[in-house]
Every structure is written in structure tokens, then in C-alpha cells.
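Trainee: Could you take me slowly through one small part of this structure, and then show me how to look at other places in the same way? I would like to learn how you read a spot residue by residue.

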Amino acid sequence: MKNRLPLIVVSLLIVMSMLLSACSTATSTASADTSAAKPTDAQSPATNEPVATGEKTTIKVMSFFAYDTPQVEEAVVAAFEAKYPEIDVDFESVAFSDIFLKYKTLIAGNTPPDVMSMNFDNAYSFAAMGALEPLDSWIKSTGLDTSIYFDSTLNLFKLDGVQYSMPATYSDVVLFFNKDMFDAAGVEYPQKDWTAADLKAAALALTKDTNGDGQLDQFGYVYPWYPIVLEQYNAKIWDAETNKCTLNSEAGIKAIQAIADSRYGAEQFAPNPDQLAQQGDWDMFMAGKLAMLPTGPWAVGTFNEKITTFTYDIAHMPAGDKQATHVYGNSYAMAAGSKNKAAAWKFIEFATGPEGTKIRQDGKYEISPVKSVAEGYVASLAGGNPEHANIFMEVMDYAVVQPAHAHWTEISAAIQPELDLALSNQKSVKDALDAACAAVDPILAQP
């Protein structure tokens, strides 16, 4: 395993590198309205030509897109190189869990990739630290028609009104379910108006000890990422007006308690951490041991390839105190320190435009942010699983964006240890969330 710099050291190196290279740094506030460096004349593209006639430019592109099915993004790269033979792409597929630390290390060494894939929260953080090139001047100079995109996908990747990356995929969380398990148990398929009580009743009916050894080995449901559950119970991690943690509010405790209760006790219907350590929820679902799994369109390709013993479909998300889910996006950004910006922009324009996003969508990796391409998503799945792919579009009526903050990575890291204690039955939910807020408040107070 390669040695890695501690995160705090990497962060300091990034700052030093940016100061030495006179990069503009975005100044963040404690709210989502963090201010950002505006494009200057020095940052504006001087030309749309990537290289001189007869010469080739090589750009480095790093991406976590479709990491489990790398041929999908490789096809995007191949199509780009075919269209722009004057540009070679040095493409590297990197696991999501590793890529952002790798970016920081490369940026600190003044050798960033020219193009970097981003998810929502990291796009926010990297833009706030000044590591990304503002793209508005590039969009203007090349005449890119941004009306082809869903507005919400563009807005996901703006900081203080500046476009710092271009949306490449669009996704949301829906309820995947095993139709065969429901049929065998005589349980009605999930309905659009399901409440928390409806969910629990179905999940309990689908949770079983199938081999009679006294241990549950088939489960009804696993809750989604905790911020989605918070949203379903009208809870927030922090209050933007007071700039204080509210995770330990009555609503927050109720939301996290719902997850904890599903894992333990006489009415267990979700796998607990020890059971998940033996087999993760995705693998459990694919093995026919989990009836309902909240996840997104990024799962379709893998599930259709690996699930051969049962039929699955998707449904609306069950409500807590209200019906809610998350909408996500992934994007491509240009490194502020790129030495091949014109060529990098050409790649971004292609990979996030109609041609690149259609290849990605046809490869079953999420949905295109380009309206005309997204309209074909449901048709692309016709005759296969999931049968009701239109639900990916319908849940947008109640989908919201995940929490956004310049210090989100720190906030999340402060919460997780206490959350783990609560959800592994080692600490009461209230005590854990009180401790989490005690750790989060000083982070929120940072400039």
C-alpha cells in the first residue's frame, strides 16, 4: 500500500502551493452562501485551440465514474479522442474512497490532473479552497448553450453564482425491491403513499431466519444514508441562521432512533453492523437476502449484470414524517493549476455534453443532466429491469440536495464516530447526538 500524507499536512501543503502560485482562494462562510473567487482576465481562455497545428496535447483525466464498470468511462474517453485526434487523454479510474485524497496530494505537489471528477460536496469544498478553475469565461468564449442542461444540475456545482464544474450525471435515491421475496411472503409491493408504519409492517414480514439456526439471515429493509432519513423527519444537521448544530433536536433524535430501532430488539428488520460486516447491503440485496434497498440509478448496471435469480423493480421512497429523498450529481472540473486548460475544457465540454453523457447513460451509470438525453433514459431500460424506471424521474417532486458546507468533510467526520456508537447499540441516540453536536459546533464557528 502506498504511503499517504496525513490530511492536515496535505491541506497545509495545498494552501502553501496556492499562495506560491498566486492562485485566487475562495473565502468561505459558515453557510452554504460561501463566497468564491471570480474569474479574472488572467483566468479567461485566450484561445479555443488546444495545441499548435501538427502538435498533440496530452491531458490527465482522473475519474471515479463507473469505477466498477470502467469500460463505461473508457468509452467516453475513446469517443472524445476519436473526435479530437490532436488531444491524447491519459485516463485513470480511481475508487471514490481514494480519489479526493489523491487530488489533494497532487495539487500540493503542483501536479494536479487537468480534469477531475467531482461529487457534490467535494466540488463545493475544492472550489472553496481555490483548487478549481472558474468555468464561466470558458462557457462564454465557446458559446456553450447551458440551456440544454437541467437548471438544478448546473446549480449543484455553482459557488457564489460561479460555475466551477459541469454536471456529468444526475441521480436520486429510490427504493429498489426484490419482487420474488414479496411474492413469496404474500406482501404487497411498495406503494407511493407508504408511511413509516407501512414500511415497518412489510419489512418485518420479510425478515426471517431461513435456516432455523436462531439467527436472522434475511432482512426486510436497510435505511439510506442518515441525512436522507433526517430530511424525512424534518431534521437538519445545523441551523443556517444560528450557525449551531441541531442534530440533537427532537426531530433529529427521532430520525436516528428509527434507524437504531430497525437494527435491534424483538422487531429487528434491518441488518445490524455485525451482520453488515459479514455481507454489505448491496451484496445482500444481490444475494436475495435483503428485500428492500434504497439506492440510485448507478446500481442498475451492476444489478442487471449480477442478479440472475430474481426480478427487481423500483418504487417511491417511504415517508417518515414526510416523503423525501436526495438528488445528487457528479461533475467534471478543471484544475486551477492545469497547464493544458484549453484541451481540458474541450474534454469537459464533450464529456458533460450530449455525446459523452449519452454514452454514460447507455452504460447504465446514472442519468444525463442534458434534457434531451435524459428523456431517453426510461426508453433505454424498456423490456428490462427496473420495469418502472419512470420513478427515477417522479421522485424529483420531493427530492432535495444533500447538506452543503465548506467544512462538510470535517462536519461529517465529527458526526460519524458518535453515530456509529448509536447505531451499534453502544450509546443512546440522544447521548451520541449531544456529543456529535459538541464536536460540530466549533467546526461551524470556523471562518
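Mentor: Happily! Let's begin at Gly220, which touches Ala203, Leu206, Thr207, Phe269, Leu290, Ala291 and Met292 when residues up to four places away in sequence are left out. Please keep in mind that this is a predicted model. Find Gly220 in strand β8, which covers residues 219–221. Gly220 has a relative accessibility of 0%, and because buried means under 20%, Gly220 counts as buried. You can also compare sequence with space here: Gly220 and Phe177 are 43 residues apart along the chain, yet their C-alpha atoms are 9.4 Å apart.

Now take one step along the strand. A search of the whole structure finds 31 aromatic pairs. One of them joins Tyr221 and Tyr223, with 5.1 Å from centre to centre and 75 degrees between the planes, and it is edge-to-face. That name fits because planes over 60 degrees apart count as edge-to-face. Both partners are buried, too: Tyr221 has a relative accessibility of 1%, and Tyr223 has 15%. Elsewhere, aromatic residues gather into a cluster whose members include Phe64, Phe65, Phe80, Phe96, Phe100, Tyr103 and Tyr332. Keep Phe65, Phe100 and Tyr103 from that cluster in mind.

Let's use the same approach on Ser331, which sits in strand β13 (residues 325–334). Ser331 is buried, with a relative accessible area of 0%. The side chain of Ser331 makes a polar contact of 2.8 Å with the side chain of Ser165. Leaving out residues up to four places away, Ser331 also touches, among others, Phe65, Met116, Met118, Phe157, Met166 and Pro167. Phe65 is a name you have already met, as a member of the aromatic cluster.

Next, look at helix α3, residues 96–108. You can check its length yourself: at 1.5 Å a residue, the 13 residues should span 18 Å, and the end C-alpha atoms are 19 Å apart, which agrees. The buried residues of α3 are Ile99, Phe100, Tyr103, Lys104, Ile107 and Ala108. Here Phe100 and Tyr103 turn up again, and both belong to the aromatic cluster. After α3 comes Asn110, which has a positive phi, near 60 degrees.

Helix α3 also takes us to charged residues. Side chains of opposite charge can pair when their charged atoms come close. Across the whole structure, a search finds 15 salt bridges. In one of them, Glu92 and Lys102 are partners, and their closest N and O atoms are 2.5 Å apart. The pair links distant parts of the chain, as Glu92 belongs to strand β2 (residues 87–93) and Lys102 to helix α3, 10 residues apart. Both are partly exposed, Glu92 with a relative accessible area of 23% and Lys102 with 29%.

For another example, turn to Glu231. Glu231 pairs with Lys236 in a salt bridge whose closest N and O atoms are 3.1 Å apart. The two residues differ in cover: Lys236 is partly exposed at 45% relative accessibility, whereas Glu231 is buried at 11%. Glu231 has another salt bridge, to Lys322, with 3.0 Å between the closest N and O atoms. Glu231 lies in helix α9 (residues 226–232) and Lys322 in the loop between β12 (312–315) and β13, so this pair ties together parts that are 91 residues apart in sequence. Lys322 is partly exposed, at 30%. Back at Glu92 and Lys102, salt bridges that share partners join these two residues with Lys60 and Asp90 into one network.

Finally, zoom out to the chain as a whole. It has 20 helices and 14 strands, and 52% of its 447 residues are buried. Gly220, where we began, is one of the buried residues. Among contacts between residues at least 6 apart in sequence, 74% join residues at least 24 apart. The accessible surface of the chain comes to about 19000 Å², and carbon and sulfur atoms account for 52% of it. When you try a residue yourself, ask where it sits, how much of it is covered and what it touches.

Note on methods. Residues numbered from 1 in each chain as written. Predicted model: local features only at pLDDT ≥ 70, side-chain atom pairs only at ≥ 80, totals over all residues. Heavy atoms only, no water. Phe/Tyr/Trp six-rings, centres within 6.5 Å; stacked < 30°, edge-to-face > 60°. Buried < 20%, exposed > 50% of the residue type's maximum accessible area, 1.4 Å probe, protein only. Helix = DSSP H or I, 4+ residues; strand = E, 2+ residues; numbered from the N terminus. Polar contact = N/O pair within 3.5 Å; in protein donor to acceptor, adjacent residues only side chain to side chain. Contact = heavy atoms within 4.5 Å. Expected span 1.5 Å × (residues − 1). Salt bridge = Lys/Arg side-chain N within 4 Å of Asp/Glu carboxyl O. Areas by Shrake-Rupley, 256 points an atom, 1.4 Å probe, with all protein chains shown as cover.
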